[in-house]
Every structure is written in C-alpha cells, then in structure tokens.
Amino acid sequence: MLSAIGELQRLSASKGSPPHKRDNKAAFLFLLPWFAGLLLITAGPVAASFLLGFTDYNLLQPPEFNGLDNWTRMLGDERLHGSLIVTFKYVLISVPLQLAAALGLAMLLDRGLRGLAFYRSAFYLPSLLGSSVAIAVLWRQLFGAEGLFNQFLGFFGISGQGWISDPDTALSTLIVLNVWTFGAPMVIFLAGLRQIPTMYYEAASVDGASKWLQFRRITMPLLSPIIFFNLVLQIIHAFQSFTQAFVVSNGTGGPSDSTLFYTLYLYQRGFNNFDMGYASALAWLLLLIIAAFTAVNFWAAKKWVFYDD
C-alpha cells in the first residue's frame, strides 16, 4: 500500500513543475509589461541621453561624437551660470519657507480642530494644482500690473507694480507660488506629529517647560526624520521646477533672465536651438547637482536627525 502511494506521488510530481516554480512564472508574466516600460521608457532614454551628452546632435542629422566639448563649453556659458544662480536662489529660499509653513499648519491642525478632514484636503489641494499650467496662468494674472494683488494693495492706498515684469520681483512671485504648495509636506508632518506620544508633553508641562521649549526639546527631535524626508523630497522637486517659469515668462525666462530656471534653459537649448547634445549634457549636470545636494543632506543628517534606535 505504501509503495503504491509513493509511486502515485512520484508520477504526479513528474507531470509538471513544482507549485512555487509555476507561481514564479506567473509573477514574471505579470511583471513583464513593467520591465518593458522600465527598459523602453526609462532605462533606454537615460542611457541614450548619457551617450548624446558626448555628441553634437541637432535632431535633424545623425549625432557626431565630440568628446568632452559639451562639458567644457559649460564653463563659458554665461546664461547657464545665470540659470544656476536663479535656481539656487529659488531652492534655498522657497524650500525652507515651504517646510516652515507646512510644519506650522500641521501643528495647528494637530490640535484637534473640527472638520480636520476638510482642512487637510483643502490645504493639500495646492500641491496637486501648483505645478499645473492653469495655476501658472492664474499666477501671471494675479501679479500682473492690473492683477488682483495690486487691486488689493489699492484698498490701502498703495500703488502696485507689474511684479511679474520687474526683474527684481519676478523670481519672488515664483517663490511664493512654491511656498503655497505646502500641502504634501504638511500632510506628512501631520502624520508624524500624531505619532509623538502625548505623555512627553504632559511630563514637560508638569516640569514647567514652556511651549517653545517643548517644541525645541520634544517636537523637533522626534520629528527630525520626517523633516529630513520632506527636505530631501522638496529640494529635488524644486530643482526640477519648470512649468511655472515657462508659463509666467512665456518660455523666455524673462524679464532679463530673472526667472530662467535651469530646466527652462535646458529646454531652450534642446528644443528651441536644437542643440540636443548640449541639452543632454546639461541634464546630466542637473542629475549630479541634485545628487550632490542629496549626499550633503544625508551627511549632515547624522548630526541633527534622531531615530528611536
């Protein structure tokens, strides 16, 4: 009897693959479209842009290898240097202000307001719309010479100006737009605040600690991993900003290149001047800049980010 059962098991095993192998084949089959997209839409173009960065390519003729000419050309490109200055100003000013606004509103919502779900959704909405063309057009109208902002100032007897058309203030309007899109980091901050045990604040209150001292000694250290996470994400996002500057300046980066973001200049070189080889090199330079900022953040995080372990 036992020998017969063993023979049946041997025959059934020989008729097909083991179950886990069949499951693996099914998994690979379902993942095949994703792998195809990764290869054709992401990995392929990335590799192509890297190779094109060492060529002279105008989209109309076959690329010609020119070695490091595109990279050495960057050293004397004054508009490139100007776009880097504009972009660095935008990132270094708007990101801290955006995170400060997000953290402040998150702490306000964490106090248990009625209709929390509504306020959370309302404040998150700008993050969904802030990078859209419609909001950029609205922003151009809002800060124009006859815009709503100047009409508001007129109620107080203040004569406004064309904020978008003035080189001294054009970039500031885009910084305000980026700060306005604080919804995504605010929601993450709010989730982090909800994870801080209330007993810490209760013990600090018993010891006579002020609200400011509680914020410095309890909230900031325990929330530091969330702050670091938002900081890295928002820096990367700010470096990649394009739509706002393109729409507000009609694709020129004006006035006087005051809104010439790095990505906008890259677009101009590639699609206005058909200098795709140089544009590809610029794209990789942007990747290196973002990687450098991220690496510095991770290095500095060892000194101010605190984890439970």
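Q: Hi, quick one to start: which residue forms a salt bridge with aspartate 257?
A: Arginine 79 does, and the closest N and O atoms of the pair are 3.0 Å apart. Keep in mind that this is a predicted model.

Q: Okay, and where do those two sit in the chain?
A: In distant parts of it: aspartate 257 is in the loop between α12 and α13, while arginine 79 belongs to helix α4. They are 178 residues apart.

Q: How many salt bridges are there?
A: The count comes to 4.

Q: You mentioned α4 and α13. At what angle do they pack?
A: About 150°, with the axes 8 Å apart. Angles over 145° count as roughly antiparallel, so that label fits α4 and α13.

Q: Which residues make the contact?
A: From α4, Arg79, Leu80, Ser83, Leu84 and Thr87; from α13, Tyr262, Tyr265 and Gln268. They divide into 4 nonpolar, 3 polar and 1 charged.

Q: Back to that loop before α13. Which residues does the cis peptide bond join?
A: Glycine 254 and proline 255, with omega at about 0°. Proline 255 is in the loop between α12 and α13.

Q: New topic: where does α11 bend?
A: At serine 224, by about 60°, and proline 225 follows within four residues. End to end, α11 spans only 35 Å between its end C-alpha atoms, whereas a straight helix of 29 residues would span 42 Å.

Q: Last one: what's phi for leucine 59?
A: Near 75°, a positive value in a residue other than glycine. Leucine 59 is found in the loop between β1 and β2.

Methods: Residues numbered from 1 in each chain as written. Predicted model: local features only at pLDDT ≥ 70, side-chain atom pairs only at ≥ 80, totals over all residues. Heavy atoms only, no water. Axes fitted to C-alpha atoms, helices over the stretch in contact; angles between N-to-C directions. Parallel < 35°, antiparallel > 145°, perpendicular 65-115°, else oblique. Contact = heavy atoms within 4.5 Å. Nonpolar A, V, L, I, M, F, W, Y, C, P; charged D, E, K, R; others polar. Expected span 1.5 Å × (residues − 1). Bend = angle between axes of the 7 residues up to and from the residue. Salt bridge = Lys/Arg side-chain N within 4 Å of Asp/Glu carboxyl O.
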